[in-house]
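Welcome! Take a look at the sequence and the structure below, then try the exercises before reading each solution.

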Amino acid sequence: MTDRSLDEGTPGYGARAGWTREQASRIERSDDTVAPIIYPPEDDQVPEVHIWDTWFLRTRDGTLAEVDGHRVCFSLTAPSDLLPGKRHDVATIRCFYSPDGRTWHDAGPVFEAPLGQRQWAGSALYDGGDVYVYYTAAGEDGADDLTYTQRIVGASGGTIDTGDGFSLEGPWTHHELLCPDGERYEREDQSRGMIYTFRDPWFFEDPATGETCLLFEANTPVPEGSDACGGDPAQQEFNGSIGVARSPSGDPLEWELADPLLDAVCVNQELERPHVVYRDGLYYLFVSSHLHTFAPGLEGFDALYGFVAEELHGDYVPLNDSGLVVTNPENAPFQSYSWMAFPHDDEVLVQSFFNYFDFDGGTLDEIAHLPESEQMRRFGGTLAPTIRVAVDGTRTRIRGTLGHWEIPKDGEALPPTDSELIRRGRGRDRGGYVTGTRED
Ligand code: FRU
């Protein structure tokens, strides 16, 4: 990467950097960005629940925590006999643990009395033996009907006991940490868009500066009559942003809103589950987004998008010129979603959940028109194969995959990819089907 490419960050509307329509118009599938097709796992490790958005227990420096030999993750879950499309309305955070990063066990629902009508995505910090779980309280407590208000909450008081197996215990205290201010971050009553967002808190401590941050998904207020997007009101409704709050003291429960890291006004409405991977002195900022949340005139995919900058606060430029990092194949465009990248040696690994497979419809909405039995059959509801990505400056490339829900230990050597084996003369028969790994 030349310095010049990092100078090309473009200003946002309320953020220092913006994802522009011109950049997003370059989104297209390529060998470097399309993940292999996913087949259902041989056995569903946790058949009693649908599992989707997932995050790992991490220490302050971002490393995956290892608690007495266990890796720990948290997922949004719902009973597996529920129609998958209804899962967001009843989402419950559960904890899972694994002794080897391959076999995962259910430690049960994390909270007895969380805030909100249901809980959406977040992150988790392991700090000196204390567990903090950040989450989105969705809906108003006590309201009869389902509402879509979103607040960012931090739960403190968790500890892990491995004396007799594994348990994550409270008592938890739930702290409402952040609400939108209406200036940097849109409130629900200001929203003109399709899907309002103020959610998905993600803890990050900047290794270079020591700054303690909480990233989140939000929207930038665009007042009616604004000249944003050439004054086009239809495009102005698409106003996704990546928000950030700072903790001046480093206290995991004290936050002050700061200016957004990036916005996508006129481009995309939902920049979901923002998170950062720090490597080679650069900040790689990732989000998941949907085909249907791009503004009129733009075409994207359900995909992991990414940006890179020399400082956490910007200026960000899109990876691979457009922002596209990992997407699903054309014949299975919704096979996975909600990607989360994390560093592993000199690679970046990406976990996501196995969404709708054996389905090549044009939009996710078409799923709802299938018979209920088909909606159930085609929903993965577990973790997808972990994807291996090579990252170099502003470029990324899919190298291969690991198994469903395979999360190697920090420092654990990964197997050679197919092309590495072939180079060493130990490849499989090239005429036959080669496993899901992609060429190097
Ligand atoms: C992404 C997402 C998150 C949200 C959750 C709700 O998959 O939309 O932004 O927290 O799903 O289920």
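Here are four short exercises, each with a worked solution.

This is a predicted model, in which local features need pLDDT of at least 70, side-chain atom pairs count only at pLDDT 80 or more, and totals for chains, interfaces and linings use all residues. Residues are numbered from 1 along each chain as its sequence is written, and side-chain values use heavy atoms, with hydrogens and water left out.

**Exercise 1.** Find Asn328 and decide whether this residue is buried or exposed.

Solution. Start with the loop between strand E19 (324-327) and strand E20 (336-344), where Asn328 lies. Strands are DSSP runs of at least two residues, marked E and numbered from the N terminus. Next, check the relative accessible area: Asn328 counts as buried because its value is 0%, and buried means under 20%, calculated with a 1.4 Å probe on protein chains only. Finally, look at the side chains: Asn328 and Ser336 are joined by a polar contact of 2.8 Å. Such a contact is a pair of N or O atoms within 3.5 Å; within protein, one must be able to donate a hydrogen and the other to accept it, and residues adjacent in sequence count only if both atoms are side-chain atoms.

**Exercise 2.** Place Asn355 and list residues in contact with it.

Solution. Asn355 lies in strand E21. Its relative accessibility is 3%, so Asn355 is buried too. Leaving aside neighbours within four places in sequence, its contacts (heavy atoms within 4.5 Å) include Arg87, Phe334, Tyr337 and Arg378. Now compare two separations: Asn355 and Ser338 are 17 residues apart in sequence, and 9.3 Å apart in space, C-alpha to C-alpha.

**Exercise 3.** Which residues are around the ligand?

Solution. Gather residues with a heavy atom within 4 Å of the ligand. They are Trp52, Asp53, Leu76, His88, Trp120, Ala121, Arg199, Asp200, Glu217, Glu272, Tyr337 and Ser338. Then turn to polar side-chain atoms and their distances to an oxygen atom of the ligand: 2.9 Å for Trp52, 2.8 Å for Asp53 and 2.6 Å for His88.

**Exercise 4.** Which element gives the most to the lining of the largest pocket?

Solution. E21 gives the most, with three residues. To sort the lining by type, count 15 nonpolar, nine polar and 10 charged residues. Here Asp, Glu, Lys and Arg are charged; Ala, Val, Leu, Ile, Met, Phe, Trp, Tyr, Cys and Pro are nonpolar; the others, Gly among them, are polar. A pocket is an open set of points on a 1 Å grid over the protein atoms alone, where a 1.4 Å probe fits, with protein on both sides within 12 Å along at least five of seven lines; lining residues have an atom within 4 Å of a point.

Conventions
Helix = DSSP H or I, 4+ residues; strand = E, 2+ residues; numbered from the N terminus. Buried < 20%, exposed > 50% of the residue type's maximum accessible area, 1.4 Å probe, protein only.
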